[in-house]
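Hi,

Here is the structure I promised to pass on. Have a look at it first, and my notes on what turned up follow below.

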Amino acid sequence: MRNLILTLIIWMICFTAITIGVSLTYKWYRHLGKDIYIHFHDVSGLVPNQSKIMYRGVDIGTINEIELDLTTGNPRIRARIVKQAMPLLGPQSKFWVVSPEVSVGAVHNLSTISTGDYVAVFPIPGKFTEEFYGLAEAPVDHKFSAGLRVVLKANDATGIEVGSEILYHDLSIGEVGEMGLSDDGKKVMITVYIDKPYVKVIRTNSYFANVSGFYADINIFTGSKITLDSIRTLIRGGIKVVTPDFKCPLAKDGDIFKMLSREQYNALEES
Amino acid sequence: MKRTLTQKQHYLLRSLGFTIAAMALYVPANIYPFMTMKYSGQYHYTTIWDGIRTLYDENMLITATIVLAASIIIPIFKLIALLFVILADMFDVAYNVRTSLLALIEFIGRWSMLDIFLVAIMVALVKFGSFATVSADSGTYLLGCVVILTMLASATLSECYEVKLCET
């Protein structure tokens, strides 16, 4: 009798072990993701088996291999994506490498100094795709996807660059996204993104002025005058926005504004 | 009708139970990470296979072979050999083949604890506070269970041979 009980106990241990083993294997299988390939122009800073693919700080995959795609001569990475993140990665998803960046205006991604560079993703849900082409730098519009996008039309873009700040009462409320020429090639079109909390500042009667660099008005009779907004606008450029009153309706996404030059702006301020 | 199991059948069944339990845990022991390294704020999970590949990539061929033998080949061999010795009773396998196989199982059994020792040493050595730590992960505990279960299986089996029940 005692013999039988001992054998039964051992077989109960056996069945428990089978249950644990099968459930753990099943759990592992359910979380098993798939490999994706991303082509980049430059992958400096990424380390195989260590660098992650992150979405808003959540680890959704690990880079397994970095190799040179011999047909294009560009690097290509192979990464294992966790299963839950797979439906997020449609064919339009954007990938870019995040590395520390120190500029005059700000310090970005300081955490990557200790954790190493990683690949960030802006997922656009869709059918799971295996092959992606990474961006050279972070897309600007994803940061402001909830904000406002307006286009400024100017004669020239002196001192303005992608990332230049939009200043309202000297407070940064957005930044320059893309720059390009108008269809007829005569004007410069600057797309700016306004952060969500400040969207209501931009009205149809707002006007924008380029305050990059400094402005010197040297006149021996009336006295000289030098205008300089801040060191930041001196180096990185800046666009000032003025809203005379808040009676006019809110600006809509994609509205086109005229950007004044420094002289026009100063003249307007004095009048 | 009442059927009772003989003492020998009890021994064989117990050994078979331990062996099947070890086999069931062997699969997750290999696919789950056995070591978690945390350095500079990031977690790195290492499975046994990853560890062997890293050693191989670092040109440590001998170490890689030892770890491969100790943690993958020997447990598989041990499990198959145990199953063979248990089932050999049904077929006409010569007695001395079975006993020598059992002796071999007992001899190589001690080597399968190697990577448990490895993790134990790593955990003890790499403690740099928040900068870098190594800790044992589920794979180690599973592998430990596999080793204990196979030891129990072979102990049960050799007891059966020692009390001369399995001689024929």
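The contact between the two chains draws on 17 residues of chain A and 18 residues of chain B. Keep in mind that this is a predicted model. On the chain A side, α1 (2-31) and α2 (112-115) are the elements that each give two or more residues to the contact with chain B. The largest share comes from α1(A), with 14 residues. As for character, the side of chain A that touches chain B has ten nonpolar and seven polar residues, and no charged ones.

Next, the sheets. Chain A has an open sheet of seven strands, and if you walk across it the order is β5-β8-β2-β3-β4-β1-β9, with mixed pairing. At the edges sit β5 (94-98) and β9 (131-133) of chain A, each pairing on one side only. Ignoring direction, neighbouring strands in this sheet are turned by 35° against each other on average.

If you want a spot to zoom in on, try the β5 edge. There, β5(A) pairs with β8 (residues 118-122) of chain A in the antiparallel sense, over five bridges. Within that pair, Trp96(A) stands opposite Ala120(A) of β8(A).

Chain A also has a closed barrel, again of seven strands. The barrel runs β10-β13-β12-β11-β17-β14-β18, and its pairing is mixed. Here the twist from one strand to the next averages 35°. One pair in chain A to look at is β14 (residues 207-210) with β17 (residues 238-242), which is antiparallel over four bridges. Asn210(A) has Ile239(A) in β17(A) as its bridge partner.

Cheers

Terms used: Residues are numbered from 1 along each chain as its sequence is written. Chains are lettered from A and ligands numbered from 1 in the order in which they are written. This is a predicted model: local features need pLDDT of at least 70, side-chain atom pairs count only at pLDDT 80 or more; totals for chains, interfaces and linings use all residues. Two strands pair if DSSP finds at least two bridges between them. Axes are lines fitted to C-alpha atoms, for helices over the stretch in contact, and angles run from 0 to 180 degrees between N-to-C directions. Two residues are in contact if their C-beta atoms, placed from the backbone, lie within 7 Å. Ala, Val, Leu, Ile, Met, Phe, Trp, Tyr, Cys and Pro count as nonpolar, Asp, Glu, Lys and Arg as charged, and the others, Gly among them, as polar.
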